[in-house]
Amino acid sequence: MAQPTSPDIVALDSGSDIYRAVRDFGGDIDSIEEITRLRGAGKLNACFRVQLKDGRTVKGRRFRPVSKRERVTSLHPALQGLPFSRLLAVHGSATIEEWVHGTPVEPGWISDEQIHNLTTILGSLHCRSVPRDSSLNKARDVDWALRRLRIQLAELESEGHIDSHNVTQLMNLAMNNMPPGLEIGIIHTDFHPQNMIMKQDDEIWIIDNEGISLGALDFDIARCWLHWPMTRQQRNIFCNTYREFRNLDTFLAHQRFWSICTLVSTTRTQVRFRQPSQGLLKKLNRTVQNVGEELWPELVLNDPELVLNH
């Protein structure tokens, strides 16, 4: 049986939570391959492609700590009825999800109709009821968001990725553009084409839902827009569709605040996981310099790297 070779991974064996979770739904593992995208030093979170002896393929995840798995799975019922990959089994620190077969989505493939459909999915998720579990309902307000931003900037500064002047400028920009409050709900945190698969019937499904959590709904839109290049027409379709579920005026009025929050958060994640971050740091510097940088990436339809034959 194939085993992951990464030295940072605790070896999988027949007593591991992933093996037990597979057995819980009647599966029998034939082979397993690690496909973790982001890995920080000493991190034990991991993702696996698991091939079963009956020919099925599933996705296994290991969460550390186990409380993270508990938070994620407690929110999974909110995804029911929407085209998100399904949760098949849970055991200890592990989850088993269905493997969605299809073609990875590129922004240039997505039609205006699909923009409407995908925005409907996100708007529907944002309107789902929040569980009453008190351990999930932590008080979060704008002051909390500013404290989080300050901590993340301090971490980037301490590691030499950004200087103190730019930290001060970014905090000032954020405070001058902060919204009056935060509307908290269920958020995906990674709703963008990199986590989408187009099935053979041209329906788009969203995968990699391990980031589902409770948080600021406007932050989720900002995360979506930061990672999803759209044309201006497509962004207008997104806005008009999303307004069928929730007022978007506060987000639009405070886009600079959310742009800074998501840029800093994403940059910190890239640095932590030793991923390329120079483009994000450059965008943060241009935000400070106020040189007319677009808040969100624009989709250029004649860019050969984005428009593929499909």
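**Helix contacts and the open sheet**

I'll start with a helix pair. Leu170, Leu173 and Ala174 in H5 meet Arg256, Phe257 and Ile260 in H9. By class, the residues of this contact between H5 and H9 are 5 nonpolar, 1 charged and no polar. Keep in mind that the model is predicted.

On the geometry: H5 covers residues 164–176 and H9 covers residues 255–272, and the two pack at about 140° with their axes 8 Å apart. Roughly antiparallel would need an angle over 145 degrees, so H5 is oblique to H9. Their crossing is left-handed.

Next, helix H6, residues 217–227. How many of the residues in H6 are buried? The count is 10 of 11, so to speak of H6 as mostly covered is fair. Among the buried residues are Asp218, Asp220 and Arg223, along with Phe219, Cys224 and Trp225.

Now the sheet. It is open, has 5 strands in the order E1-E2-E3-E5-E4, and the pairing is antiparallel. Which strands stand at the edges? Those are E1, 29–34, and E4, 87–91; each has a single partner strand, so one side of each has no neighbour in the sheet. On average, neighbouring strands here are turned by 25° against each other, direction ignored.

At the E4 edge, the partner is E5, residues 94–98, and the two pair in the antiparallel sense over 4 bridges. One position to look at is Val90, whose bridge partner in E5 is Thr95.

Last, helix H1, residues 17–24. H1 lies across E1, E2, E3, E4 and E5, and runs at about 130° to E4.

Note on methods:
Residues are numbered from 1 along each chain as its sequence is written. This is a predicted model: local features need pLDDT of at least 70, side-chain atom pairs count only at pLDDT 80 or more; totals for chains, interfaces and linings use all residues. Side-chain values use heavy atoms; hydrogens and water are left out. Axes are lines fitted to C-alpha atoms, for helices over the stretch in contact, and angles run from 0 to 180 degrees between N-to-C directions. Angles under 35 degrees count as roughly parallel, over 145 as roughly antiparallel, 65 to 115 as roughly perpendicular and the rest as oblique. A crossing is left-handed if the near helix is turned anticlockwise from the far one by less than a right angle, and right-handed if clockwise. Contact means heavy atoms within 4.5 Å. Ala, Val, Leu, Ile, Met, Phe, Trp, Tyr, Cys and Pro count as nonpolar, Asp, Glu, Lys and Arg as charged, and the others, Gly among them, as polar. Buried means under 20% relative accessible area, exposed over 50%, partly exposed in between (1.4 Å probe, protein chains only). Two strands pair if DSSP finds at least two bridges between them.
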